[in-house]
Amino acid sequence: MSSSRAPITSATVTHRNQDATVYVGNLSLEVNDSVLLELFTQAGPCVSVFMPKDKITGQTQGYGFVEFATEDDCAYAIKILNMVKIYGKPLRVNKSAGAGSGPDEGVGANLFIGNLDAEADEKLLHDTFSAFGVLVRPPKVARDDDGQPKGYGFVAFSSFESSDLAIEVMNNQYLCNRQITIQYAYRKDGNGERHGSAAERML
């Protein structure tokens, strides 16, 4: 494989063409960048592959993003590769909506998850909340300088339908034996306003 097609790193992920990028979920932990690239090249030329990894263990977290050269190739990949089985697990392939980008990009369906148990990590949040819809970027567990969880985290969906459903089903439910609280996260530029407002939903 030529070096010109090597997967990009997280340092360059914000420069990705989101309109030509797919989200790939339900990945086996055996899948790496090279496997993903080899598979999706069948749909068209791939510009980049990004699979978020746990900062401590270096383990992939069951999902990734593939950028194509054109939007047509992106649409074709969704058509032919969604639900294809890799290592016995059917892939979920969807259009990425602001995947891997800044915290306030996308539609704004961003949730705050409170009262998290110390055992609740990013993978658990992904496995739990991806059932309600497409996550536009990796879930985040807030950690201190020593890497210890602070007891809360964030999840961002591609639609308000998904985030509303997640709140309805999961708020006050138990995760790792602790009752979690879920609400819309505060907007960074909203002067104390939360995501999920009527005005934001109309954008």
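A residue counts as buried when its relative accessible area is under 20%, and as exposed when that area is over 50%, with partly exposed in between. Keep this in mind for the exercises below, which all concern a predicted model.

**Exercise 1. Classify the two partners of the salt bridge between Glu 122 and Arg 143, and place them in the chain.**

Solution. Start with the contact itself: the closest N and O atoms of Glu 122 and Arg 143 are 2.9 Å apart, and the cut-off for a salt bridge is 4 Å. Next, find the partners. Glu 122 belongs to helix H3 (residues 122-129), while Arg 143 belongs to strand S8 (residues 140-143). They are 21 residues apart, so the pair links distant parts of the chain. Finally, turn to accessibility. Glu 122 has a relative accessibility of 12%, so this residue counts as buried. Arg 143, at 29%, is partly exposed.

**Exercise 2. How many salt bridges does the model hold, and which side chains meet in a salt bridge at 2.7 Å?**

Solution. The count comes to two. Besides the Glu 122 and Arg 143 pair, Lys 123 and Asp 127 meet with an N to O distance of 2.7 Å. Now look at their positions: both lie in helix H3, four residues apart, which is about one turn of the helix. For accessibility, Lys 123 has a relative area of 33% and is partly exposed. Asp 127 is partly exposed too, at 41%.

**Exercise 3. Work out on which side of helix H4 the buried residues lie.**

Solution. First list the buried residues of H4 (residues 160-170): Phe 160, Ser 162, Ser 163, Ala 166, Ile 167 and Met 170. Then take their directions around the axis. They cover an arc of only 160°, so they sit on the same side of H4. As a check, turn to the other side of the helix, where Glu 161 and Glu 168 are exposed. One last detail awaits just after H4: Asn 172 takes a positive phi of about 70°.

**Exercise 4. Decide where the model calls for caution, using pLDDT.**

Solution. Begin with the whole chain: the mean pLDDT is 81, and 81% of the residues score at least 70. Then compare the elements. Confidence is highest in strand S12 (residues 181-184), at 94, and lowest in helix H5 (residues 198-201), at a mean of 69. Next, pick out the stretches below 50. Residues 1-14 form one of them, with 13 contacts beyond near neighbours in sequence. Residues 98-105 also fall below 50, with 23 such contacts. Where pLDDT is low, predicted coordinates should not be read in detail.

Methods
Residues numbered from 1 in each chain as written. Predicted model: local features only at pLDDT ≥ 70, side-chain atom pairs only at ≥ 80, totals over all residues. Heavy atoms only, no water. Helix = DSSP H or I, 4+ residues; strand = E, 2+ residues; numbered from the N terminus. Buried < 20%, exposed > 50% of the residue type's maximum accessible area, 1.4 Å probe, protein only. pLDDT = per-residue confidence, 0-100. Contact = heavy atoms within 4.5 Å. Arc of directions from axis to C-beta.
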